[in-house]
Amino acid sequence: MRIIINYTSFFILLLYLLPCTIKADIAILPYRVENPSMYFKKEMGMDYAKLLSTVALLKKNVTVVSPLKVYESLKRHNTSIYGNITISDLELLGKKDYYKYIILGTLSKSGNNYISKSLVYSTASNSILYNIRNVHSSIFHLAKADISEMLVQFNNKVYNIKENKKLDKLKNILSAGDL
């Protein structure tokens, strides 16, 4: 559990330092944790949304709403953070906060594996674009797989040599393999 707290602090710092625009492409809502326990708390859903935001910023040419702004937006619209979110909630978030896409889902743990069930909602067409399920023993690799499948329509980020060095340092800090 201590590892998660250290990574969470790092992701919060990273997301505050990375630039985000008001009219971002994607808002990632906190994931609802199925069957929370002492070792897998419901707050893990917020941490997973932060992790997905970080991976999306690093891997894809997209702008992602900061998790803090998403949290504030949910509170402002009286939308449950860890409860059920309806299509009308998604429509409201898209219209009022100008999100093009909204990602939400559930996170669970079975044995040594993490399981995510995610969907990508388009506010332009008011429809679900993707419904994805992934399983992995590493939550970092699970996030990478989720972003790769959910944001397939966006180009991968291309880094110059200086940015590659910074990215390599970040990968070493995260110790998550190849993001």
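**Close-ups of a predicted model**

**View 1. A charged pair tucked away in helix α2.** Both K50 and D47 are buried. This is a predicted model, and here we zoom in on two residues that sit in helix α2, 3 residues apart, or about one turn of the helix. K50 pairs up with D47 in a salt bridge, and their closest N and O atoms are 4.0 Å apart. Side chains with opposite charges can pair when their charged atoms come close. How many salt bridges does the structure hold? There are 2, and the next view shows another pairing.

**View 2. A salt bridge between two helices.** Look for D97 and R76, whose side chains meet in a salt bridge at 2.8 Å, N to O. This pair links distant parts of the chain: D97 belongs to helix α4 (residues 87-97), R76 belongs to helix α3 (residues 67-76), and they are 21 residues apart. Is D97 buried or exposed? D97 counts as buried because its relative accessibility is 11%, and the cut-off for buried is under 20%.

**View 3. Inside the largest nonpolar core.** Here we're looking at a core of 29 residues, the largest nonpolar one, where Y48 and M150 have the most contacts inside it. Which elements each supply at least two residues of this core? They are β1 (26-28), α2 (44-59), β3 (101-110), β4 (113-122) and α5 (139-150). Helix α2 gives the most, with 8 residues. Now find Y48: leaving out residues up to four places away in sequence, Y48 touches Y31, L107, S116, I139, L142, A143 and D146. Apart from this core lies another one, made of 14 residues, including V65, V70, L90 and L119.

**View 4. A buried serine on strand β4.** S118 lies in strand β4. Why do we call S118 buried? Its relative accessible area is 1%, and buried means under 20%, so S118 fits the label. What does the side chain of S118 make a polar contact with? The partner is the side chain of Y31, at 2.7 Å. Y31 is also one of the residues on the contact list of Y48 from the previous view. Setting aside residues up to four places away in sequence, S118 touches Y31, L104, G105, Y130, N131, I132, D146 and M150. You've met M150 already: along with Y48, M150 has the most contacts inside the largest nonpolar core. D146 should look familiar too, as Y48 touches D146 and S118 touches D146.

Methods: Residues are numbered from 1 along each chain as its sequence is written. This is a predicted model: local features need pLDDT of at least 70, side-chain atom pairs count only at pLDDT 80 or more; totals for chains, interfaces and linings use all residues. Side-chain values use heavy atoms; hydrogens and water are left out. A nonpolar core is a set of buried Ala, Val, Leu, Ile, Met, Phe, Trp, Tyr and Cys residues joined through side-chain atoms within 4.5 Å. Buried means under 20% relative accessible area, exposed over 50%, partly exposed in between (1.4 Å probe, protein chains only). Helices (H or I, at least four residues) and strands (E, at least two) are DSSP runs, numbered from the N terminus. Contact means heavy atoms within 4.5 Å. A polar contact is a pair of N or O atoms within 3.5 Å; within protein, one must be able to donate a hydrogen and the other to accept it, and residues adjacent in sequence count only if both atoms are side-chain atoms.
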